[in-house]
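The following exercises ask you to read a protein model step by step, with a worked solution after each task. Keep the sequence and the structure in view as you work.

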Amino acid sequence: MTTLTFDSLNPATGEVVGTHPRQGPDAVREAVGRAAEAAAWWGGLGHPARRQRLLDYKAVLTRHLRELSRLVHEETGKPVGDATLEIVLAITHLDWAARHARKVLGRRRVGTGMVGLNLAATLEYLPLGVVGVIGPWNYPVFTPMGSIAYALAAGNAVVFKPSELTPGIGVRLAELFAESVPEQPVFQAVTGLGETGAALAADPRIGKVAFTGSTATAKRVMAACAENLTPIVAECGGKDAFIVDADADLARAADACLWGAMSNAGQTCVGVERVYVVDAVYESFMRELSGRVTKVRAGEDYGPITMPGQVDIIKRHIDDATKSGKIVTGGPGSVRAPYVEPVIVEDVPEDSPAVREETFGPTITVRRTRDAQEALELANASAYGLGGTVFSRNTRRAMELARRMRTGMTAINSVISFAGVPALPFGGVGDSGFGRIHGADGLREFARPKAISRQRFPMPGMNLTSFTRGPSELERLIRLVTFLHGRRKR
Ligand code: NDP
């Protein structure tokens with residue numbers, strides 16, 4: 001029997017990087033079956049043994065850093081340095097997840113309250129079994145590892161379906177895991193196109209699906225999961241805003257804005273897409289920004305557009321924005337597939353596609369606002385709510401703006417810095433999805449709370465959960481509850 005295959009291509013050169021099997025529903029079923037057995041073994045190992053294996057895996061990945069960076073560079077087209085940076089970040093998350101799983105998820109006693117004085121209560125977070133991870137191509141190590149590392153640390157087995165654009169790196173991540181955990185296929189990769197991911201989401205033995213990609217596909221995956229009541233964590237796109245307040249360090253703000261928008265050719269879910277600058281510093285900020293952008297070049301500072309179809313979306317947004325707005329840098333001619341040079345457009349109407357839809361390209365729209373309050377209102381007037389940035393020298397003011405930003409994460413006086421702090425949860429609201437990866441919340445996302453209450457001794461004269469309960473016991477209960485809760489207290 002011949003196996004169907006597909007090629008992953010270098011988006012910069014069109015060369016074939018690797019050929020991989022198109023694993024259909026049968027192959028996915030088999031992988032999940034193997035994973036279910038592996039999950040029982042891995043889950044039974046306990047936290048200390050898993051910690052040691054995961055730290056070993058971390059060391060293996062670190063020793064293969066150069067090789068992995070090269071592969072990410074070939075499959076995505078991004079500069080090797082950027083690939084290295086994302087893998088280093090993934091390694092720090094793996095380290096954190098391995099070291100904190102026991103503390104966050106391990107068994108602990110919890111208080112029982114006055115009415116439960118005769119009870120002992122314990123809480124722990126147990127693995128879900130097999131977690132299906134469906135990953136994207138833009139950060140093919142960092143993003144899926146945000147689910148994989150936390151799911152493994154929580155005691156689950158993982159079946160990972162990498163994007164069809166970056167299958168090689170997905171397969172390699174799983175292969176290297178087997179060096180640290182050779183006994184069982186605790187972490188497997190299955191390759192193929194959308195149908196492979198669909199088969200994974202539809203398998204009833206999957207305990208949870210961790211999806212990263214577009215909002216539209218997240219809805220399809222969620223519909224498939226609904227059949228089996230499989231829970232899902234959905235990390236979808238964003239339309240992140242960058243607010244520059246009147247007292248901001250404008251040189252730093254412009255530098256950060258440019259990197260946040262253009263690095264990785266703008267193919268970053270938490271990349272800067274909309275910039276709101278208060279009137280008082282608008283001209284000065286734009287001078288800083290336009291002075292710097294002339295030095296940023298596609299093909300040198302960032303790579304090509306990884307997904308060929310995305311070029312049309314970027315072009316549509318640029319065409320529309322340049323018709324209704326005022327060009328600062330670039331324009332329709334900046335699109336020279338597979339590369340797109342930086343594009344900055346100002347005064348684009350807030351209801352245009354370039355402001356409302358995720359562009360996923362090296363483009364930004366900039367708008368002058370009366371004050372930071374108006375900037376915040378415009379920032380929040382988006383269906384998305386993933387990340388965002390505030391630049392201000394006044395910490396109190398910046399904190400207030402950040403807290404009121406309707407997103408999962410906000411960086412102050414830096415861009416995307418929250419992604420590098422493993423203790424911080426990562427995820428969105430609205431069309432950006434729900435659930436969290438990273439941090440303690442990310443560990444709990446891949447576990448089920450298990451609550452146990454144990455009676456230590458019978459409560460004299462207070463057996464409330466019995467048909468032998470009489471009026472005197474009820475009377476005692478009313479007196480107790482009135483004493484505890486009946487008074488107005490501060
Ligand atoms: P998709 O949402 O289509 O794909 C994401 C992942 O889901 C891929 O692994 C894909 O596999 C898989 N998939 C596709 N269809 C199904 C299905 N029916 N069931 C299960 N899994 C499926 O994103 P694209 O890569 O096509 O990018 C489209 C847009 O999504 C981008 O323009 C960007 O706006 C946004 N995006 C956002 C990302 C983020 O970080 N938040 C990351 C990537 C994209 P395959 O690749 O094999 O088709």
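**Exercise 1.** At what angle do helix α3 and helix α6 pack, and how far apart are their axes?

Solution. Bear in mind throughout that this is a predicted model. Begin by locating the two helices, since α3 covers residues 65-76 and α6 covers residues 167-180. Their packing angle is about 160 degrees, and their axes lie 8 Å apart. The next step is to classify this angle: angles over 145 degrees count as roughly antiparallel, and therefore α3 is roughly antiparallel to α6. Then look at the residues that make the contact, which are E67, L68, L71, V72 and E75 on the α3 side and P167, G168, I169, R172 and L176 on the α6 side. Sorted by class, the contact of α3 with α6 comprises six nonpolar residues, one polar residue and three charged residues.

**Exercise 2.** Describe how helix α1 packs with helix α2, and sort the contact residues by class.

Solution. Helix α1 spans residues 25-45 and helix α2 spans residues 47-63, and the two pack at about 105 degrees with their axes 6 Å apart. Because angles from 65 to 115 degrees count as roughly perpendicular, α1 is described as roughly perpendicular to α2. From α1 the contact takes W41, W42, G43 and L45, while α2 contributes H47, A49, R50, R53 and L54. In the contact of α1 with α2, five residues are nonpolar, two are polar and two are charged.

**Exercise 3.** Which strands stand at the edges of the sheet β3-β4-β20?

Solution. Start with the order, which is β3-β4-β20 in an open sheet of three strands with antiparallel pairing. The edge strands are β3 (108-110) and β20 (447-455); each has a single partner strand, so one side of each is left without a neighbour in the sheet. Neighbouring strands of this sheet are turned against each other by 35 degrees on average, direction ignored. To examine one pairing in detail, follow β3 and β4 (residues 119-127), which are joined in the antiparallel sense by three bridges, and note that R109 stands opposite T122 in β4.

**Exercise 4.** Work out the edges of the seven-stranded sheet and describe the pairing of β15 with β16.

Solution. This open sheet runs in the order β12-β15-β16-β11-β10-β17-β18, and its pairing is mixed. At the edges stand β12 (326-329) and β18 (411-412), and as each has a single partner strand, one side of each is left without a neighbour in the sheet. Within the sheet, β15 (residues 343-346) and β16 (residues 363-369) run parallel and are joined by four bridges, with V343 standing opposite T363 in β16.

**Exercise 5.** Which residues come nearest to the ligand?

Solution. There are 28 residues around the ligand, and of these G135, W137, E164, Q310 and E358 come nearest. Next, consider oxygen atoms of the ligand: a polar side-chain atom of N138 lies 3.3 Å from one, and a polar side-chain atom of S163 lies 3.2 Å from one. For T217, an N or O atom of the side chain is 3.0 Å from an oxygen atom of the ligand.

**Exercise 6.** Explain what deserves attention in the backbone at P338 and at A265.

Solution. As a rule, most residues other than glycine have a negative phi, and most peptide bonds are trans. The bond joining A337 and P338 is a cis peptide bond, with omega at about 5 degrees, and P338 lies in the loop between β13 (335-336) and β14 (339-340). A265, although not a glycine, has a positive phi of about 55 degrees, and A265 is found in the loop between α9 (250-262) and β11 (272-278).

Conventions: Residues numbered from 1 in each chain as written. Predicted model: local features only at pLDDT ≥ 70, side-chain atom pairs only at ≥ 80, totals over all residues. Heavy atoms only, no water. Axes fitted to C-alpha atoms, helices over the stretch in contact; angles between N-to-C directions. Parallel < 35°, antiparallel > 145°, perpendicular 65-115°, else oblique. Contact = heavy atoms within 4.5 Å. Nonpolar A, V, L, I, M, F, W, Y, C, P; charged D, E, K, R; others polar. Pairing = 2+ DSSP bridges. Near = heavy atom within 4 Å. Polar contact = N/O pair within 3.5 Å; in protein donor to acceptor, adjacent residues only side chain to side chain.
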